[in-house]
Each structure stands twice: as C-alpha cells, then as structure tokens.
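Open the structure in a viewer and keep the sequence panel beside it. The stops below say what to select and what is there.

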Amino acid sequence: MTTTAAGATSAEVRATLPHRYPILLVDRVLELGEQEIRAVKAVTFNEPWYAGLGPDPDQEDLAYPPFLLIESWTQTAGVLAKRLAGSTADGQVMLFGSMTGIEFHRPVHPGDVVEHHARLERAVNDTMIFEGVSRVAGEPVLTVGRITMAFRPGEQLNPAAGPATG
C-alpha cells in the first residue's frame with residue numbers, strides 16, 4: 001500500500017464518521033493510501049451486545065455478531081470514501097448501497113483485534129465500489145467481494161425539509 005497520509009487516531013476517525021457509541025466500530029486507522037485503507041477494531045467484553053450473556057456463556061454465544069463485523073469493515077471503507085470525496089462530500093450523506101461476495105471464515109471473539117483492509121475497486125461520479133478482507137492475527141475472518149456506497153445531498157434526505165415541490 002502506498003501511504004500518502006499517516007493513519008488516523010480514534011479522534012480523527014470520530015471526526016470523519018457520523019457514528020457514535022455504541023455503533024462507532026473503527027478504533028484506529030493504521031494506513032491510509034490513495035485507494036486503500038487498513039484499520040483496526042478491538043473486540044471486547046465491554047460492548048453492549050455481550051451485556052445479557054450471563055455468568056457462563058459458551059464460545060458460540062461469544063461470537064461477535066457477523067452483521068457488526070460487516071458494519072465495522074464498511075465504516076473503514078467509509079473513512080477512505082470520505083477522504084477520496086474530499087470537500088465534495090460536504091453536505092452529503094454517505095449511504096450503503098449493496099454487497100456481494102461476503103464470506104465469513106471463522107467467528108471473532110472478545111480479545112480479538114480485527115484488521116480491516118479495504119480497497120477502492122471503482123468510482124463513478126458519487127458512487128464507490130470497495131472490496132477487501134478482515135483478518136485476526138493474519139487469518140482471514142471476512143472476505144468482502146464488493147460493497148457499494150454512494151454520496152447523496154443531505155437536504156434531499158431530511159424528512160423535516162418536507163416533500164420536494166416543482
């Protein structure tokens with residue numbers, strides 16, 4: 001990966017994404033290149049999805065929810081998308097469009113540090129297609145064939161603005 005900027009701290013990730021606790025699922029960006037990003041998510045017992053497990057959960061109950069693994073990977077791609085869009089993303093809302101080729105290889109558990117790798121495959125106007133993988137200790141846990149994201153004007157998505165006239 002050709003790095004054009006250093007990674008991002010958790011404060012910088014928070015400034016880039018609109019997500020907040022408990023759904024901000026990227027802890028830190030390690031590398032941010034021209035078309036690639038590498039970021040981490042540390043899975044802990046302190047996350048709300050583990051709160052109701054009781055005193056003696058089995059290993060299957062401790063598996064990190066797969067939809068949250070995808071969300072965390074997609075947030076990583078979102079950091080890259082915002083960087084690529086630059087100032088054209090001002091006033092825009094980033095929307096998740098679709099996903100294909102998603103494969104889960106093994107469960108993720110508390111104590112695992114997930115390293116997300118996302119790469120821009122293609123961009124057309126305000127729509128971006130990403131692909132990548134997530135690993136724990138070098139072992140793949142998730143493969144992402146394609147995920148599509150698009151930027152749309154925020155005022156068009158604001159229900160308080162009322163219906164468009166014209």
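Start with the whole chain shown as a surface. The chain exposes about 9,200 Å², an area from the Shrake-Rupley method with a 1.4 Å probe, where for residues only the protein chains shown count as cover. Carbon and sulfur atoms supply 53% of the exposed area. Note that this is a predicted model, in which local features need pLDDT of at least 70, side-chain atom pairs count only at pLDDT 80 or more, and totals for chains, interfaces and linings use all residues. Residues are numbered from 1 along each chain as its sequence is written, and side-chain values use heavy atoms, with hydrogens and water left out.

Switch to the C-alpha trace. Along its principal axes the trace spans about 60 × 40 × 30 Å. The radius of gyration, taken over C-alpha atoms, is compared with a globule rule of 2.2 Å times the number of residues to the power 0.38. For 166 residues a compact globule would have a value near 15 Å, and the chain's 17 Å agrees with that.

Now colour by secondary structure. There are 3 helices and 7 strands, which are DSSP runs numbered from the N terminus (helices H or I, at least four residues; strands E, at least two). From the N terminus on, the order is β-α-β-β-α-β-β-β-β-α. Of the contacts (heavy atoms within 4.5 Å) between residues at least 6 apart in sequence, 66% join residues at least 24 apart.

Colour by accessibility next. Buried residues are 36% of the 166 in the chain; buried means under 20% relative accessible area, exposed over 50%, and partly exposed in between (1.4 Å probe, protein chains only).

Select the loop between helix 1 (10-16) and strand 2 (28-33), where proline 18 is found. Proline 18 counts as exposed, at 64% relative accessibility. Its C-alpha atom is separated by 22 Å from that of glutamate 34, 16 residues apart along the chain. Which kind of peptide bond joins tyrosine 21 and proline 22? The bond is cis, with omega about 5°, and proline 22 has its place in this loop too.

Then show the charged side chains. Those of opposite charge can pair when their charged atoms come close. A search of the whole structure finds 8 salt bridges, each a side-chain nitrogen of Lys or Arg within 4 Å of a carboxyl oxygen of Asp or Glu.

- Select arginine 38 and glutamate 31: the closest N and O atoms of this salt bridge are 2.4 Å apart. Arginine 38 counts as buried at 19% relative accessibility. Add Glu115 to see a network of salt bridges linking Glu31, Arg38 and Glu115.
- Select arginine 119 and glutamate 131, whose side chains meet in a salt bridge (2.2 Å, N to O). The first is in strand 5 (residues 113-124) and the second in strand 6 (residues 127-136), so the pair ties together parts 12 residues apart in sequence.
- Select arginine 146 and glutamate 121, a salt bridge of 2.8 Å, N to O. Arginine 146 lies in strand 7 (residues 139-153) and glutamate 121 in strand 5, so the parts tied together are 25 residues apart in sequence.

Finish at two loops. Asparagine 125 sits between strand 5 and strand 6, with phi near 55°, a positive value in a residue other than glycine. Asparagine 125 is exposed, at 78% relative accessible area. Alanine 137, in the loop between strand 6 and strand 7, has a positive phi of about 50° although it is not a glycine. Alanine 137 is exposed, with a relative accessible area of 80%.
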